[in-house]
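Here are my notes on the model, set out as numbered points for you to check against the coordinates.

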Amino acid sequence: MLTHQENELLCRVEGDAPMGQLMRRHWTPVCLIEEVAEPDGAPVKARVFGEDLVVFRDSEGRVGVLDEYCPHRRASLVYGRNEDAGLRCLYHGWKFDVGGNVLEMVSEPATSCMANKVKHKAYPVREWGGMVWAYMGPQDAIPDFLPPTWAPTADTRVSIAKALLPCNWAQILEGAIDSAHSSSLHSSDFVPARVGGAEATDKNWLRPSTDKAPRLQVERTDYGFRYAALRRPIFNAGTHDYVRSTVFVAPGTVLIPPNNLYNVANINVPMDDTNTAFYFIAWGDPETTPETETWRKFLRQQIGIDLDQHYRPLRNHDNRFWQDRQAMKAGNFTGISGFPNQDIAMWVTMGPIADRSDERLGASDLAIVEFRRRMLDALAEFDKDGNAIGTGAKAIPQDTCSYQAVVPKEIDWRTYAVRYVSKRNPELADQPAALATDYQVKQ
């Protein structure tokens, strides 16, 4: 349970809000590469930390992330002409490159020097792992872009489902790190089975346990924390535990325990205080990781079927998330198809910002409590010395990963040797930022 003041600190990200300022010290996903795949294609609107942005790919293939509103009269550049290596405002024809430099001011006299005096807000951009990233923190100290642990190499297959959700980022992230809820909310999709470990089929994820009340243990780290949910396995319950170890990477990433074919991650990007861009990721070896459309179909997150063209879910509170009560009578636990949709129904119905001052937490909520404490402590540290959690020397080690396994009880899950799931299982190596497509903004 948090006080109202603590809840505000945790959740608010707009303007000068401390949490938003901390988050800005990290490279942040702005949109999917697929949204701006075409040079001179239609610009895309994005919103991050309460700031309206326009994203476009120019004639030369460079991606720009600019303030959405033209500095002249503040008309939206989302409707602009994307042509000849720049984005042109429809109102008076002012044209900007990906660095925010003014290329033309056709409404001004040819002798005017005004173009040299105007600089539009633009952010440094990288493309990596299927996403367009921007650094929205102080522009006088731009950190190197480091590939995330869920996309360690350029040839890693990364398949992403995206949904724009009308609720605060923190309640979504709490759902992503909460192992206990999966045994109830997702019980018709995460099916207990006599298997040696978690396995994926084209319809379900199987797990070797019927235990719905895991014992939780937490280990705090410089970049966030790790924790384990220990359950009784179906086999050898007297001598072994079924361990599902999840990794929280501040400020908004969760490495979710994998199955036998691919790894899973989740990123939550605050659009503003009450809206979030939710990215659900399958990643790993191209031979065993589903392609993007297969992944979205499995999750019931397909554009035009489950989402509109702007990635907004068609299931919502008004239509009860298409819940099927007849299916529930027939044995389906929730009557909501697609396990992310089951989560979304819970997150959205908590309200735009969940009231954490009126909760009753139990032993199964240990990871939730640690997330809140960790981020509030991180805010205090940031206020004291200006260093954001998980940055610089405190960034997550590249070989850190989540895991699931049935292990002897005497083995400590914290020191259990694991690697990410891959058919080739290559040695991990630090990936230099130069591997990412680099569009440094000219100052």
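1. A helix here is a DSSP run of H or I with at least four residues, numbered from the N terminus. The structure is a predicted model, and glutamate 8 lies in its helix H1, which covers residues 4-11.

2. Is glutamate 8 buried, exposed or partly exposed? Its relative accessibility is 26%, and because buried means under 20% and exposed over 50%, glutamate 8 counts as partly exposed. As for its position relative to methionine 19, the two residues are 11 apart in sequence, while their C-alpha atoms are separated by 9.5 Å in space.

3. Strand E1, made up of residues 27-32, is mostly covered, with six of its six residues buried. The partner to examine alongside E1 is strand E11 (residues 131-135), to which E1 is joined by five bridges in the antiparallel sense. Within this pairing, proline 29 stands opposite tryptophan 133 of E11.

4. A separate point concerns the open sheet of three strands, whose order is E13-E15-E14 and whose pairing is mixed. Its edge strands are E13 (190-192) and E14 (199-200), each of which pairs on one side only.

5. Which strand does E14 run antiparallel to, and how many bridges join them? The partner is strand E15, residues 205-207, and two bridges connect it to E14. On the residue level, glutamate 199 has leucine 206 in E15 as its bridge partner.

Note on methods. Residues are numbered from 1 along each chain as its sequence is written. This is a predicted model: local features need pLDDT of at least 70, side-chain atom pairs count only at pLDDT 80 or more; totals for chains, interfaces and linings use all residues. Side-chain values use heavy atoms; hydrogens and water are left out. Two strands pair if DSSP finds at least two bridges between them. Buried means under 20% relative accessible area, exposed over 50%, partly exposed in between (1.4 Å probe, protein chains only).
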